[in-house]
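User: I'd like to learn how to read strands, sheets and burial in a structure file. Can you walk me through it with an example?

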Number of protein chains: 4
Amino acid sequence: MENKFKSPLCGIIPPLVTPLKDNETLDIESLERLIEHLIAGGVHGLFILGTTGEEQSLSYRVRKQMIEETCRINQGRLPVLACITDTSIIESINLANIAADCGASGVVSAPPYYFATGQPELAQFYEELVPQLPLPVFLYNMPSHVKVSFAPSTIHRIAQNQQVVGFKDSSANAVYFQSVMHTMKDRPDFAMLVGPEEITGECVLLGGHGGINGGANMFPELYVGMYNAAKAGNLPEVLRLQQYIMQISSSIYTVGQHGSSYLKGLKCALSILGVINDDFVASPFYKFHAPEREKIRQALERLPIENGKLIL
Amino acid sequence: MENKFKSPLCGIIPPLVTPLKDNETLDIESLERLIEHLIAGGVHGLFILGTTGEEQSLSYRVRKQMIEETCRINQGRLPVLACITDTSIIESINLANIAADCGASGVVSAPPYYFATGQPELAQFYEELVPQLPLPVFLYNMPSHVKVSFAPSTIHRIAQNQQVVGFKDSSANAVYFQSVMHTMKDRPDFAMLVGPEEITGECVLLGGHGGINGGANMFPELYVGMYNAAKAGNLPEVLRLQQYIMQISSSIYTVGQHGSSYLKGLKCALSILGVINDDFVASPFYKFHAPEREKIRQALERLPIENGKLIL
Amino acid sequence: MENKFKSPLCGIIPPLVTPLKDNETLDIESLERLIEHLIAGGVHGLFILGTTGEEQSLSYRVRKQMIEETCRINQGRLPVLACITDTSIIESINLANIAADCGASGVVSAPPYYFATGQPELAQFYEELVPQLPLPVFLYNMPSHVKVSFAPSTIHRIAQNQQVVGFKDSSANAVYFQSVMHTMKDRPDFAMLVGPEEITGECVLLGGHGGINGGANMFPELYVGMYNAAKAGNLPEVLRLQQYIMQISSSIYTVGQHGSSYLKGLKCALSILGVINDDFVASPFYKFHAPEREKIRQALERLPIENGKLIL
Amino acid sequence: MENKFKSPLCGIIPPLVTPLKDNETLDIESLERLIEHLIAGGVHGLFILGTTGEEQSLSYRVRKQMIEETCRINQGRLPVLACITDTSIIESINLANIAADCGASGVVSAPPYYFATGQPELAQFYEELVPQLPLPVFLYNMPSHVKVSFAPSTIHRIAQNQQVVGFKDSSANAVYFQSVMHTMKDRPDFAMLVGPEEITGECVLLGGHGGINGGANMFPELYVGMYNAAKAGNLPEVLRLQQYIMQISSSIYTVGQHGSSYLKGLKCALSILGVINDDFVASPFYKFHAPEREKIRQALERLPIENGKLIL
């Protein structure tokens, strides 16, 4: 199969939020605005239906629609990666086929997340799954949600199949990220991408290829700027931009309780910024009420925003 | 909505394994044999698509088929409970509607298992879901797979809606089970059912209503016997039958490593006993190889089985 | 070495709270009153320096004093078990020697709780420790605090040494308790004791030997009554007493947040009941303030107490 | 109290292994050799009785001796930090007083590790403990062993007391490390030190002050080199040294199973390198047998070592 992107995939590939009107209705107008906002912001790819995209909370009809609409709006301007994480191998393959039909460039897969697998079972699962997928594959490590972490040696085993072209790590464990990088050092084409935006700078400084950073939905320039600064080894700029990234992380993502603060805060901020119309969050979560929304508004006001853009 | 069973639902309601030929193909002949085996064994209901039934590993097409075929074969002889656990509320409702259309008696729901919810979010989720379901609802506690446990007060809050008619607990935490029983003592119609067969005896002795016990796929008479003995307060019989139950638990379910030993061992034993044709286990798991199968065979030989039945 | 109790040890062996004036000062007067209260209540042994006794929070000087004073006050009336759980094998042996010198009947040991050991390391540790101890040994399973659970096969291996005479399980996992019982069925002298009082009834009904129940500090008669009823197979009495046990569990132990609610609530109730003078809880915990104390008082008022005794 | 080091404390402060002859006997000759090896290697401080130093496995007598001997051998050449982590506040204070009497420069404290505290309890505990300590205090985050992680806001609250001068994070969670740095940015004198050597480079590049890296016991020059390179912003050198650090991490620390591989591997390598006489590991762990020792020897042979030094 053809690789529609230069390997390894590099840069900032935002995990798009899925703009919704309700549990069943994709807000296409907002999706169009979001994608144009991201492309204008200089991002290097579009990653849809990840954790930030609430894949698991959406019906399959909406998942399919999200793939179709994203590819339609994108018109081939950027590589599109579609997350196909599922507990059912059949449904994973179905989603991957839809993605290929729509012109996506790759698929992303976290381990099955109901049954926790042992490492040999995990390797065997991917050895069965990958050859049935029509696109390049990125593995996705998300142990807090999935309960299982890829052992570095398991990644190495799965990636014997050259169709496996990269890895996204959302564990926040930087020792682990370094261990996977070290294990995969014989594969210079293998993309090492990090989820949490708070550590994209350091991961890229140490040789990582980029970030799948949720905050880029709001301020793509900031995270693209961080990627460029880190890639260029411009440490003063890395430190300067890191302050904004941490200010956002510690204010926008920490309102409310529970693990859902990040997602609710991000969608709420996007709706205040006018990027999406409504901050509806799919069940089992619920968007913020007025008091939390007010806190998000205040957090945004403390940022140097003009015309919806962060003035760096 | 009408309750097709006397409340509270009592007895042994086995969580049926899903007989498969491969990841996409239900083995209907084996399903017919299994259901007749269970009904002949005196069980009080059929619970399909639970953890033992590998719901999450199956495609939606096979889930739908499993509901349809079970209801067709059952012909109304026993209450059928269909598990509708999903990460997407829309897909949960879809499955429940299929179950109602096919004549199932109730649905069973564990919390969404990708995002971990806080207790208020969990209560709110069920307050949104339950009214959209066409059948009586059993809540299902499965923290090892779902990451979230229902707080007793959350169950009490959700069960303000009388459509919620029971609870299945697979936590193995007997203090927790007692706490839920105590919290729900104002609802004598609320069924308290326990997952692990190793503690069905003690839970029923203390006032629980029955067990959703995987071992009943193999030897329904044993678990029905335990239920009857415990309900009658026949302690010597409880202790006698408990020995068999523990022998099975400690031999059939502990071959191999990883959390999948139970499922692989159960399906392997069922195939040796001739109840199902093949012990195919859906991805991400894989059936036992010859050495493990031999251990299961030996474990079965140490049990007093004649013509596929345990001679109690 | 001589066994000062008939094997297996049976009945209710309360885990004594440690009455304190401050972090460094044992309240000996309260300890005397507590022990007389327990002996009058019919308990079958005294278990000191367990989790309820705050062993780990106490200085070694106070631990030593607690052993000495308990043995002095007890005057040989009941078997005394001293907990010697430590992260240092040397300090464990030191405590055991003190216990033997003071006339204790046995020692209790949970695994080292800083480094988490694998099962072979755990077995090897006890094979090294036990022969250096001067008294019969009970193993103590407390995974929530210790991070490690004894595999049933590890218990069986350790108990090849006949000096190991019993097991206390505080996991609340009743499947696990049954598994250990089944694994140890070739050792009829091996005491199977359960920590959580909410399940003493069912554990004894199923063949367990008794409970190490914190609530017995307050109401020894209740838990002794439960033990006797369960041992006699008197199910109606078990169910009647279980109501009181659950009422206490759900009211006294659930005030406040965090895992410390049980300990704070128990000591607070004991001070209101006049069994101990002050409910000082050692660092890192702190006794309840007035509002929580008032809730405990109200919870006690809802119980049928006369002259400090529960009227059963 | 006087600060014997310039704030914030910077550089590589190795967590010394504790050389032992058996569970009760400190190997003073090896300790002398180790300390001279470290000082010759250019480290910036000595951190004793941490997790790598097996504090919890040692008797109090040996802990005291380790403090005394280290301070004696050091003769004031480097700041000495003594870990006083304990479950008993009294024993923590005792150790701190010994450290002060011997001339140590500071103490390090992880939360009590038997009872898991909530965040308010944790803050209150340190507000009680710190004023009773005679030396500057570093907080120590070690959630895998301690079960509790300091919330960034808890650190900020505790550090209102200026006696609290730094933080060591062994969580490996780089997002967390960044969050604490951001929360503490109003305290430029507050040392931010990282435990895992695999991420010292990136943490220092992003503004951290240094590393408490176990590997520095073996090859102090390597980690000092990494610190200097990162502090100077010399990215090519950081990347070059990172290769050695990862080679060590992935070969020396991963022999054997269980969480003890790191400690066993480190002590084994030190004994092969001749820095310590014997690789005795205190109970509940045990040193490697011959096959594992051979693997460590081979791993060392793949490193460019001459005369016990890594040729960088």
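Analyst: Sure, let's start with bridge partners. This is a predicted model, and in chain D, S109(D) has L139(D) of β7(D) as its bridge partner. That pair belongs to a parallel pairing of β6(D), residues 106-109, with β7(D), built from 3 bridges.

User: How does the chain get from β6(D) to β7(D), and what is the handedness of the crossover?

Analyst: Follow the path between the two strands. Here the chain leaves β6(D), runs through helix α4 (residues 119-129) of chain D and arrives at β7(D), a β-α-β crossover that is right-handed.

User: What lies along β7(D) in β8(D), and how many bridges join them?

Analyst: β7(D) runs parallel to strand β8 (residues 164-169) of chain D, and 5 bridges join the two. As one example, Y140(D) sits opposite K168(D) in β8(D).

User: Is β7(D) buried or exposed?

Analyst: To judge burial, go residue by residue; the cut-off for buried is under 20% relative accessible area. In β7(D), residues 137-141, 5 of the 5 residues are buried, so the strand is largely enclosed by the rest of the structure. Then check the faces: V137(D), L139(D) and N141(D) are buried on one side, and F138(D) and Y140(D) are buried on the other.

User: What is the strand order of the whole sheet in chain D?

Analyst: Read it from one edge across to the other. The open sheet has 8 strands in the order β1-β10-β9-β8-β7-β6-β5-β4 (chain D), paired in parallel. β1 (11-12) and β4 (46-48) of chain D are the edge strands with a single partner each, so one side of each has no neighbour in the sheet.

User: Which helix packs on the sheet at β4(D)?

Analyst: Helix α2 (residues 60-74) of chain D does, touching β4 and β5 of chain D, and its direction makes about 165° with that of β4(D). As for those two strands, β4(D) pairs with β5(D), residues 80-83, in the parallel sense over 3 bridges, and L46(D) has V80(D) as its bridge partner.

User: What about a residue in a loop: where is T117(A), and is it buried or exposed?

Analyst: Look at location, accessibility and contacts in turn. T117(A) is in the loop between β6 (106-109) and α4 (119-129) of chain A. Its relative accessibility is 9%, so T117(A) counts as buried. Beyond its neighbours within four places in sequence, T117(A) is in contact with L122(A) and V148(A), and also with P284(B) and F285(B) of chain B.

Terms used. Residues numbered from 1 in each chain as written. Chains lettered and ligands numbered in written order. Predicted model: local features only at pLDDT ≥ 70, side-chain atom pairs only at ≥ 80, totals over all residues. Heavy atoms only, no water. Pairing = 2+ DSSP bridges. Helix = DSSP H or I, 4+ residues; strand = E, 2+ residues; numbered from the N terminus. Contact = heavy atoms within 4.5 Å. Axes fitted to C-alpha atoms, helices over the stretch in contact; angles between N-to-C directions. Buried < 20%, exposed > 50% of the residue type's maximum accessible area, 1.4 Å probe, protein only. Right-handed = clockwise from strand over helix to strand, strands pointing away.
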